[in-house]
Amino acid sequence: MTKGTGAASRLAKALAIVLGTAEIPLRLRAWDGSEAGPPGAPILEFRSRRALRRILWSPGQLGLSRAYVAGDIVAPGDIFAAFSALSSAGKFADPGPFKPLTPAELWTLLKTAVRLGALGPNPAPPPEEARIHRHGRQHSRGRDAAAISHHYDVGNDFYALVLGPSMVYSCAVWGDGPAGKGIQDGSDSSSGLPAGLDAAQEAKLDLVCRKLGLKPGMRVLDVGCGWGSFALHAAQHYGVDVVGVTLSTEQALLARKRAADAGLTASIDIRVQDYRDVGDGPFDAISSIGMSEHVGREQTPDYVSRLYSLLRPGGRLLNHAISWNAGPTSPDPDSFIPRYVFPDGEMISLGEMVTALESGGLEVLDVEALRRHYALTLRAWVRRLEDNWDDAVKLTTLGRARIWRLYMASSALGFEAGITGVNQVLAQRPGGAEPPLRRTEWL
């Protein structure tokens, strides 16, 4: 590490303690204009002493996250490069719970704060931090509704800016053509990226319809229907009737409007309803796209049992979900994602999901891994957010825009590194028509 002068030199030593590494992988710029750290490395700028105070009170990912969301720390360059460098260093390279500092490390950090004039009371968390109580029964209906509202009820116009016309907030399915390559190599948005993203999302929706074997007149349940994109596609192109359920009021309002604008109100019923309260089965098919991450490990058997009971014999279930690929460790509940993005969210492994489906009486027909596809999708969303940054801030808050930028960039890197995956598991309730002999029905 190159030596620095002023506050940056002491900050670099403090950050090295927090990261658990001898040298920091970033170039630090302090509030006094001083710099320290490897030349040419991604820049992390500490804009005020309050950033160090936040880290002192919460010495780990949470303190750094709060400082970033509040604007006390900024990454003025490539967010992917800065987060990749930070997350690959020392303790941050471990995806499990953050290992606390030793008393000696805490003492050294405290002395650094004294020398830099950063001592003081614990700053209030940014207002965008989830206010869901840490105690009490997880995944009760009320708590699930609060968690979903925190993430999704931040403004439909904001989501439209990031997601684009498709309004699909899950992994797209990309081909091997230039659109996907453009996202990977960082070429600018004039290369046709927006059209590529929208086409990739439509390809995913159609893939789900084909896997479910949809035919005119079928009745379909869309669990966690979002803004109604799957329901619209299935009703328009496959002639089915769709019941979509979500816990987000804002999502439901826009989904209903989109159905009305398309002249499909007779075919699409959007409800603000917990999937556990759906009582008008059976359904010929069920889609669950990006929803089961909100269910939780302990509740997954009940989730499968409930969907099984809503399926007609011979009916298919498509479960599209992010998986935790980093072994037996679980994400730290005091890390950035649980505090700012998905309160009470819990990813389970692909093996656990397949076991739960089979144990619940369903026959697994097909598993498709889409890990790399989600990395491409997230990079496309980050590009859209950055290209429309000023509008994004006006539509929500500066803190919220920072959260989404960091969350989507860090998630893309997690998929690229294989810490997380995303999989479509197709299952069928026994009875009724036999499944196809080969996958050619939906390939």
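The protein chain folds into 17 helices and 11 strands, where helices (H or I, at least four residues) and strands (E, at least two) are DSSP runs numbered from the N terminus. This is a predicted model, in which local features need pLDDT of at least 70, side-chain atom pairs count only at pLDDT 80 or more, and totals for chains, interfaces and linings use all residues. Residues are numbered from 1 along each chain as its sequence is written, and side-chain values use heavy atoms, with hydrogens and water left out.

Of the 443 residues in the protein chain, 54% are buried; buried means under 20% relative accessible area, exposed over 50% and partly exposed in between, with a 1.4 Å probe and protein chains only. Among contacts (heavy atoms within 4.5 Å) with a separation of 6 or more, 77% link residues 24 or more positions apart.

Two open sheets come next. One has seven strands in the order S7-S6-S5-S8-S9-S11-S10, and its pairing is mixed. Strands count as paired if DSSP finds at least two bridges between them. Strand S7 (268–272) and strand S10 (363–369) sit at the edges, each pairing on one side only, and the twist averages 15° from one strand to the next. Within this sheet, strand S5 (residues 219–223) runs parallel to strand S6 (residues 241–246), with five bridges between the two; Val223 has Val245 in S6 as its bridge partner. Helix H11 (residues 249–261) packs on the sheet, where it touches S6 and S7, and its direction makes about 165° with that of S7. Axes here are lines fitted to C-alpha atoms, for helices over the stretch in contact, and angles run from 0 to 180 degrees between N-to-C directions.

The other open sheet has four strands, ordered S2-S1-S3-S4, again with mixed pairing. Its edges are strand S2 (35–36) and strand S4 (73–74), which each pair on one side only. Strand S1 (residues 27–29) and strand S3 (residues 43–46) are parallel partners over three bridges, and Arg27 stands opposite Ile43 in S3.

Helix H3 is a good place to look at how the helices pack. Eight of its 10 residues are buried, so H3 is largely enclosed by the rest of the structure. The buried set is Leu62, Gly63, Leu64, Ser65, Arg66, Ala67, Tyr68 and Val69, and these residues pack against helix H1 (7–19), helix H2 (49–57), S4, helix H4 (79–87), H13 and H17. As for the last of these, the axes of H3 (residues 61–70) and H17 (residues 398–417) come within 8 Å and cross at roughly 130°. The two helices are therefore oblique to each other; angles under 35 degrees count as roughly parallel, over 145 as roughly antiparallel, 65 to 115 as roughly perpendicular and the rest as oblique. On the H3 side the contact involves Tyr68, Val69 and Ala70, which meet Gly399, Arg402, Ile403, Arg405 and Leu406 of H17. These residues divide into five nonpolar, one polar and two charged, taking Ala, Val, Leu, Ile, Met, Phe, Trp, Tyr, Cys and Pro as nonpolar, Asp, Glu, Lys and Arg as charged, and the others, Gly among them, as polar. Just after H3 comes Gly71, with a positive phi near 85°.

Aromatic rings turn up in 12 pairs across the whole structure. Rings of Phe, Tyr and Trp (its six-membered ring) pair if their centres lie within 6.5 Å; planes under 30 degrees apart count as stacked, over 60 as edge-to-face and the rest as tilted. Phe336 and Tyr340 make a stacked pair, 5.8 Å centre to centre with 25° between the planes. They are four residues apart in helix H13 (residues 336–341), so about one helical turn separates them. Phe336 is buried at 4% relative accessibility, and Tyr340 is buried at 0%. With ring centres 5.7 Å apart and planes at 80°, Trp404 and Tyr407 are edge-to-face instead. Both lie in H17, three residues apart or about one turn of the helix, and both are buried. They also belong to an aromatic cluster with Phe158, Tyr159, Tyr169, Trp227, Tyr374, Trp381 and Phe415.

Finally, a couple of backbone oddities. Most residues other than glycine have a negative phi, and most peptide bonds are trans. Gly281 and Pro282, however, are joined by a cis peptide bond with omega about 5°, and Pro282 lies in the loop between S7 and strand S8 (283–289). Met167 has a positive phi, near 50°. This residue sits in the loop between helix H7 (156–163) and helix H8 (178–185) and is buried, with a relative accessible area of 7%.
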